[in-house]
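Okay, hi everyone, thanks for making time. I'd like to walk you through a structure that's probably new to most of you, so let me put it up on the screen.

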Amino acid sequence: MTKPTLAPRFEPPLRASIADGVFAELQRQLLSLDLEPGSKLSEAEIARALGVSRQPVRDAFYRLAKLGFLQILPQRATTVTLISTGAVMRARAIRTALEAETVRVAASALTPADFDVLDALLADQDAAIAAADRPRFHRLDDLFHREICERAGLGYFWDLIAENKGHMDRVRMLSLAFASRHAWDDHVRIVAALKAHDPEAACTALRAHLSRILGQIERIRADNLAWFADEPAPPGP
């Protein structure tokens, strides 16, 4: 009897891992605004700074251009795109649809142990606000929303949200100087509705939370005009 042929085992190529790391680092700097909208990027300079060859940087540039964060002009320059209000509103619409369904499910799915985790996150967020640590608050904000998705059994929703929310994140970073306390208050209301097992109240609180950007974006744009594309903000759903 002929033995079945065993499939060969493949190790992931090292270059792909390097490219993923370069992509992650550039994406982090773009979303945190360390790489400012409108600034020019040099493939060679970034490769030197990260200690890698130019190919993984080129790969990362291409991926980021597909996501709308870089504009690549062959033989000329690669530029960080200006913030598009249209892209921000599209990201908000996608996120709202997914998270509204998430909190509906979470209202009946979350346990006392889950609420202990969310309460601890609220306490950490409060401390970050008191310390004026905006980057930490931003990380804890994301973690709060991700935990709700995962604890509701909808972790793959967060994967989709994370893929689509980048344009929203650049505006969120600019809003943290004046909006962190409002965001924390919204989080408290969301958790209270979840603890009451009230899916409609949770959904209402979540929608109000993610709609704050509609009232903030024109103020943020006026304060950072050079970073925004010359386009009107479309109406949000």
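I'll go through the cores, one proline, a hairpin and a pocket. Before that, please keep in mind that what you see is a predicted model.

Let's begin with the inside. The largest nonpolar core has 48 residues. If you want to find it on screen, look for Val103, Leu118, Ile148, Val171, Leu194 and Phe228, the residues with the most contacts inside that core. Which helices give two or more residues to it? Those are H4 (85-109), H5 (112-130), H6 (134-151), H7 (155-164), H8 (166-195) and H9 (199-223). The top contributor is H8, which supplies 11 residues.

Take Val171 as an example. Once you set aside its neighbours within four places in sequence, Val171 is in contact with Ile83, Val88, Ile213, Ile217, Ile220 and Phe228. There's also a second, separate core, this one of 16 residues, and Phe23, Leu41, Phe69 and Leu70 are among them.

Now for the proline. Pro56 sits in helix H3, residues 54-66. Is Pro56 buried or exposed? Its relative accessibility is 2%, and the cut-off for buried is under 20%, so Pro56 counts as buried. And what does Pro56 touch, leaving out residues up to four places away in sequence? That would be Ile18, Ala19 and Val22. With Val22, the two are 34 residues apart along the sequence, while their C-alpha atoms are 6.7 Å apart in space.

Next, the hairpin. Strand E2, residues 70-73, runs antiparallel to strand E3, residues 77-80, and 4 bridges join them. Leu70, which I mentioned with the second core, has Val80 as its bridge partner in E3. Between the two strands there are 3 residues, and in this hairpin Gln75 takes a positive phi near 65°.

Last stop, the largest pocket. How much space lies in it? About 500 Å³. The lining is made up of 17 residues, and the ones nearest the centre are Arg28, Leu31, His138, Asp142 and Asp169. Helices H1 (14-31), H6, H7 and H8 each give two or more residues to that lining, with H1 giving the most, 5 residues. Sorted by class, the lining has 7 nonpolar, 4 polar and 6 charged residues.

You may have noticed some helices coming up twice: H6, H7 and H8 give residues to the largest core and to the lining of the largest pocket. That's my tour, thanks for listening!

Definitions and conventions:
Residues numbered from 1 in each chain as written. Predicted model: local features only at pLDDT ≥ 70, side-chain atom pairs only at ≥ 80, totals over all residues. Heavy atoms only, no water. Core = buried A, V, L, I, M, F, W, Y, C linked by side-chain atoms within 4.5 Å. Buried < 20%, exposed > 50% of the residue type's maximum accessible area, 1.4 Å probe, protein only. Helix = DSSP H or I, 4+ residues; strand = E, 2+ residues; numbered from the N terminus. Contact = heavy atoms within 4.5 Å. 1 Å grid on protein atoms, 1.4 Å probe; cavity = no way out; pocket = protein on both sides within 12 Å on 5 of 7 lines; lining within 4 Å. Points joined across faces, edges and corners; volume = space filled by probe spheres on them. Nonpolar A, V, L, I, M, F, W, Y, C, P; charged D, E, K, R; others polar. Pairing = 2+ DSSP bridges.
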